[in-house]
Amino acid sequence: MTVAGTGTPTARRRPAIGVRGRAGGVPVALLLPALLGLVFLVLPLAGLLARTPWSTLPQRLAEPGVLTALRLSLLTATLATLLCLVLGVPLAWLLARVEFPGRRLVRALVTVPLVLPPVVGGVALLLVFGRRGLLGGWLDSTFGITLPFTTTGVVLAEAFVAMPFLVIAVEGALRGADRRYEEAAATLGAGRWTTFTHVTVPLVAPGLAAGAVLCWARALGEFGATITFAGNYPGRTQTMPLAVYLALETDVQSAVVLSLILLVVSVAILAGLRDRWITAP
Amino acid sequence: MTAHLLDAHLVVDRGGFRLDVPLRVAAGEVVALLGPNGAGKTTALRALAGLQPLTAGHVTVDGTDLDRPDRRAFTATERRSVGVVFQDYLLFPHLTALDNVAFGPRRHGADRRSARETARAWLDRVGLAEHAHRRPRQLSGGQAQRVALARALAVAPALLLLDEPLAALDARTRLDTRAELHRHLAAHPGATVLVTHDPLDALVLADRLVIVEGGRVVQEGDAASVTARPRTDYVARLVGLNLHRGRAEGHGVRVADGLVLTVADRLDGDAFVAFRPSAVALHPARPDGSPRNTWPATVAGVQRHGDNLRVQLDGPITVAADVTPAAVAALRLVPGQRVWAAVKAAETHAYPAV
């Protein structure tokens with residue numbers, strides 16, 4: 001951090017290692033696209049804020065449709081995250097801690113939803129859980145459970161898309177955790193399950209929380225798989241992103257307000273994540 | 001011979017390295033596994049704890065086989081009556097000192113309240129009652145060590161295992177902690193196995209030393225016999241003796257070509273000769289008219305050693321000699337200097353190397 005030079009830096013020498021010195025070291029060919037990239041990322045957000053109908057904002061927020069979509073979004077994203085935790089954490093543990101043949105293949109499969117276009121995910125879910133799908137028909141005839149075009153369907157679609165984020169984050173945390181703590185727990189009489197719940201999980205809690213937040217954020221913004229698998233029924237499957245898209249066709253200002261809400265929620269998550277886990281010492 | 005609480009023969013094959021250590025420890029006895037780094041001490045400890053399955057041999061505690069590869073019997077770590085103090089303690093960072101100590105009793109079936117009571121009593125015994133609610137990172141090294149000891153003892157283990165329990169401490173803390181550890185180990189009714197590469201830890205804490213080198217036991221015995229009669233260079237260095245192996249005939253032991261050391265003991269056959277560095281005298285020329293063992297040597301190096309200086313000598317045998325700074329100045333001892341070394345027969349100790 002300190003300048004390794006002879007003597008103390010004087011007032012005259014200081015500018016030399018300041019802005020001019022640094023800017024002089026950056027080629028224009030890199031600086032220009034970098035600034036353009038920054039503008040490109042920030043400008044749409046600024047546009048959103050600039051076009052927000054601030055005067056009528058309170059009324060628009062109070063519209064029942066907005067609140068319904070928001071409530072549904074928060075509910076389904078939270079349920080999807082819980083589902084991801086219940087299924088994803090053991091999966092991450094398996095990938096991180098158990099040597100089994102085909103582990104690399106399993107890890108690759110887990111990450112497929114990350115790169116898969118969400119719409120394709122939605123179609124795939126329909127083919128499996130649809131009324132005439134591989135499992136859907138059986139679920140329908142045996143238990144009378146119908147998944148597509150229901151709120152449960154929304155949760156499934158969101159979980160499908162968001163789970164890889166959680167699995168990857170938690171697997172990384174598990175690999176980074178010192179396994180000797182688990183050995184210490186064993187010497188104190190803790191079985192594998194107790195060790196997992198009482199030692200491993202607390203040790204990887206930061207990674208677990210970060211993964212869960214990422215997962216939740218991804219679920220909150222899910223659009224493609226949701227509209228394909230669960231449709232767009234207000235109050236049942238119409239989440240915020242779907243409502244934004246629909247509002248854009250009829251009432252632009254309404255779409256702006258809905259977008260603003262999602263933006264605020266996203267930034268709040270980012271801020272929380274940064275403060276607590278990303279920049280943590 | 002009394003029945004041993006721990007009766008083990010630890011054989012572990014691990015990629016070219018073979019550990020083969022028989023080990024028996026009576027109830028209330030403290031045995032130190034002493035050896036250089038990489039000797040297999042920690043592997044032995046892990047095998048006793050069930051963290052490293054045996055390739056062959058057995059681990060029997062109180063008559064029950066815990067690990068017996070030939071009968072395909074293996075007891076998981078969590079079902080063994082062991083307590084382990086790990087080298088860097090491994091206190092659970094998310095739990096307070098109290099809950100760290102209560103962890104074991106809780107897993108052994110105590111309810112939360114009585115587990116905490118047990119833990120409180122143990123923290124009290126190690127003098128940390130007022131630190132019960134601190135997290136491990138708020139504890140000093142010495143305090144963490146004591147919490148780790150309390151945590152291991154709180155399950156009343158038949159077998160207490162300590163892996164370099166003092167290695168992570170600074171010199172001052174180590175002194176205090178060593179004395180305190182000695183008190184707790186003496187009070188432990190079960191068998192204790194201590195792994196260390198520090199001879200002082202071993203001499204102070206253990207009733208018996210087992211010296212391990214290259215995965216094998218090279219010497220075994222109580223502190224007095226090991227320090228008086230080292231059998232390998234490693235042990236000799238540990239206890240600060242010059243050690244040479246040779247062939248004895250009466251009072252003479254041929255330790256090198258052309259050098260027969262006259263010794264006080266009388267024996268025949270393969271023998272060790274040991275003498276203290278302070279027993280070696282240095283002369284500028286060959287001392288005559290004395291019944292001493294003398295030989296020409298070359299100074300290889302001079303180091304500070306306590307109040308004196310330790311001179312490393314090359315020659316027919318490599319020897320360390322402790323001399324006063326005044327002698328070094330008078331003899332102008334610098335590397336490469338030729339001197340005569342002398343040792344009185346009465347200052348040597350010879351014993352059979354069988």
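What pLDDT does chain A average? Chain A averages a pLDDT of 86, and 89% of its residues score at least 70. The score matters here as the model is predicted.

## Confidence in chain A

Confidence varies along chain A. The low point is helix α1 (residues 19-25) of chain A, with a mean of 55. The high point is helix α9 (residues 180-187) of chain A, at 96. Over residues 1-21 of chain A, the pLDDT is below 50. Beyond near neighbours in sequence, that stretch has five contacts in the model. Where pLDDT is low, the predicted coordinates should not be read in detail.

## Chain A: helices

What makes up the secondary structure of chain A? Chain A has 14 helices and zero strands. Read from the N terminus, its elements run α-α-α-α-α-α-α-α-α-α-α-α-α-α.

Chain A has 281 residues, and 33% of them count as buried. Now take the contacts in chain A between residues at least 6 apart in sequence. Of these, 73% join residues at least 24 apart.

## Chain B: helices and strands

Chain B contains nine helices and 19 strands. Its C-alpha trace spans about 80 × 45 × 35 Å along the principal axes. Chain B has 354 residues, of which 41% count as buried. Among its contacts with a separation of 6 or more, 63% come from residues 24 or more positions apart.

## The domains of chain B

Chain B is divided into domain 1 (6-236) and domain 2 (240-344). Their C-alpha centres lie 40 Å apart. Where the two domains touch, domain 1 of chain B gives five residues and domain 2 of chain B gives five residues. On the side of domain 1 of chain B, these residues divide into two nonpolar, no polar and three charged.

A database record adds a label. In an unreviewed entry, UniProt places the feature "domain: ABC transporter" at residues 3-239 of chain B. The end C-alpha atoms of that span lie 31 Å apart. The span is 35% helix and 27% strand.

## A covered strand

Strand β9 (residues 191-196) of chain B is mostly covered, with six of its six residues buried. In a regular strand the side chains alternate between the two faces of the sheet. Which residues of β9(B) lie on each side? B:Ala191, B:Val193 and B:Val195 are on one side. B:Thr192, B:Leu194 and B:Thr196 are on the other. Both faces are covered.

β9(B) has pairing partners. Strand β3 (residues 30-34) of chain B pairs with β9(B) in the parallel sense over five bridges. Strand β8 (residues 159-163) of chain B also runs parallel to β9(B), joined by five bridges. B:Val195 appears in both pairings: B:Leu33 has B:Val195 as its bridge partner, and B:Asp163 stands opposite B:Val195.

## An enclosed helix

Why is helix α1 (residues 41-49) of chain B called largely enclosed? Eight of its nine residues are buried, so the rest of the structure largely encloses this helix. The buried residues are B:Lys41, B:Thr43, B:Ala44, B:Leu45, B:Arg46, B:Ala47, B:Leu48 and B:Ala49. Just after α1(B), B:Gly50 takes a positive phi of about 85°.

## One residue in close view

B:Leu98 sits in helix α2 of chain B. Is B:Leu98 buried or exposed? B:Leu98 counts as buried because it has 22 C-beta neighbours inside 10 Å, and the cut-off for buried is 20 or more.

Set aside the neighbours within four places in sequence. B:Leu98 is then in contact with B:Arg116, B:Ala119, B:Arg120, B:Leu123, B:Ala132 and B:His133. B:Val126 lies 28 residues from B:Leu98 along the chain, and their C-alpha atoms are separated by 12 Å.

## Where the chains meet

How many residues does each chain bring to the contact? Chain B brings 17 residues and chain A brings 14 residues. On the side of chain B that touches chain A, β7 (82-85) and α2 (97-107) of chain B each supply at least two residues. The residues on that side divide into nine nonpolar, five polar and three charged.

Terms used:
Residues are numbered from 1 along each chain as its sequence is written. Chains are lettered from A and ligands numbered from 1 in the order in which they are written. Two residues are in contact if their C-beta atoms, placed from the backbone, lie within 7 Å. Helices (H or I, at least four residues) and strands (E, at least two) are DSSP runs, numbered from the N terminus. Ala, Val, Leu, Ile, Met, Phe, Trp, Tyr, Cys and Pro count as nonpolar, Asp, Glu, Lys and Arg as charged, and the others, Gly among them, as polar. Domain bounds come from an automatic or database domain assignment. A residue is buried if 20 or more other C-beta atoms lie within 10 Å of its own, exposed if 12 or fewer, and partly exposed in between; C-beta atoms are placed from the backbone. UniProt positions are given in the numbering used here, feature names are shortened, and annotations may be inferred rather than shown by experiment. pLDDT is the predictor's confidence in each residue, from 0 to 100. Two strands pair if DSSP finds at least two bridges between them.
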